[in-house]
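Please open the structure in your viewer and display it as a cartoon with strands visible. The tour below proceeds by selection, one element at a time.

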Amino acid sequence: MSNSDQKLAIGIDVGGTTIKGVLADTRGTVITSSEAVATPQTGADDVVSAVVRLARTLREASVDAPVGVCVPGIIDEERGIGIFSANLGWKDAPLGEKLSEALGSFVPLGHDVRSGALAEALWGVRRPSCLYVAVGTGIASGVVINSRLAPAPPWAGEIGQVPVPHPDRPYEVVPVEQVASASGIARRAIEAGIVPEGSGAREVEELALSSSENARKAREILETSMSLLGGILATVCHQVGSLPVVLGGGLCKGGSLVYDPLRKGLESGCTVMPAPALLSAALGSSSQALGAAALAFQSHGIEVES
């Protein structure tokens, strides 16, 4: 089948440091992708201009392809407004309107994590209903029901902000992402003096698997962090139901030292409700751009295949 016969859409993922895009078909196959460009740090208008240039480049391969865009921060998806992004310097920015005007057709604006959730449900783990949890520098989530994102107001899914006792300082209450995100795990290990400054969660896991005298402390950090997160996810599941939990973000590449305590915390928190399945995300770093493409398909009434 030639590109002219295919239904194609463009998905653009605006990250904190780079912007990347894909041209994909309704099966989630990437037809072509763009080179990543630096994300402007000078406000919404410059970000919009960069996105429009990238979208026009991708449209050279499919002139009529609808475009979807996902961004970080606090988003009003229904109105297409970037409510706040500290890193990218906007507040109450009408991103959807500006993008739609510049590109000549409606451009849905999505939250980056929720867009990743949609792509995973459709084309990654292929579960039409799931709770997707991205664990990287922070922690956020998105719910997909019957292959569509559950409608969500701004601030929805910011489960990394749920307060918990700090595992190392129980008298101190902190957002769970400060201790259970990939960066939070690394920070705990750095503060404990068992890994050098600049280390990440991967180094903590490698240390935990080693024969070093610090391996036990590294295992303790991973276990307590993941158990805390599992308990929070159990609380979320009591609200949304026993949906499969899909772990995304950098931490999804972890092994049993990540998944075993996470699963145990999840199961312990599910007192009556059956504990949900715990799955690892499959799409990697392309999930958010693919999710933006899925939003473009769905917002233009084009059926996607899963």
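**From strand β10 outward**

In this predicted model, begin by selecting Y132 and V246: V246, in β15, is the bridge partner of Y132. Extend the selection to the whole of strand β15, residues 245–248, which pairs with β10 in the parallel sense over four bridges.

Next, select strand β10 itself, residues 130–135. Are its residues buried or exposed? Six of its six residues are buried, and the strand is thus described as mostly covered. Show the side chains: C130, Y132 and A134 point one way from β10, while L131, V133 and V135 point the other way, and all are buried.

Now add strand β11, residues 139–145. Six bridges join β11 to β10, and the two strands run antiparallel. To inspect one position in this pairing, select C130 together with V144 of β11, which stands opposite C130. Then follow the chain between the two strands: β10 and β11 form a hairpin with three residues between them.

**The sheet β6-β7-β8**

Move to a second region and select β6, β7 and β8. These three strands form an open sheet in that order, with antiparallel pairing. The edge strands are β6 (74–76) and β8 (90–93), each of which pairs on one side only. View the sheet along its strands to examine the twist, which averages 15° from one strand to the next.

Finally, select β6 with strand β7, residues 81–85. How many bridges link them? The antiparallel pairing of β6 and β7 extends over three bridges. One position to display is I75, whose bridge partner in β7 is G82.

Terms used
Residues are numbered from 1 along each chain as its sequence is written. This is a predicted model: local features need pLDDT of at least 70, side-chain atom pairs count only at pLDDT 80 or more; totals for chains, interfaces and linings use all residues. Side-chain values use heavy atoms; hydrogens and water are left out. Two strands pair if DSSP finds at least two bridges between them. Axes are lines fitted to C-alpha atoms, for helices over the stretch in contact, and angles run from 0 to 180 degrees between N-to-C directions. Buried means under 20% relative accessible area, exposed over 50%, partly exposed in between (1.4 Å probe, protein chains only).
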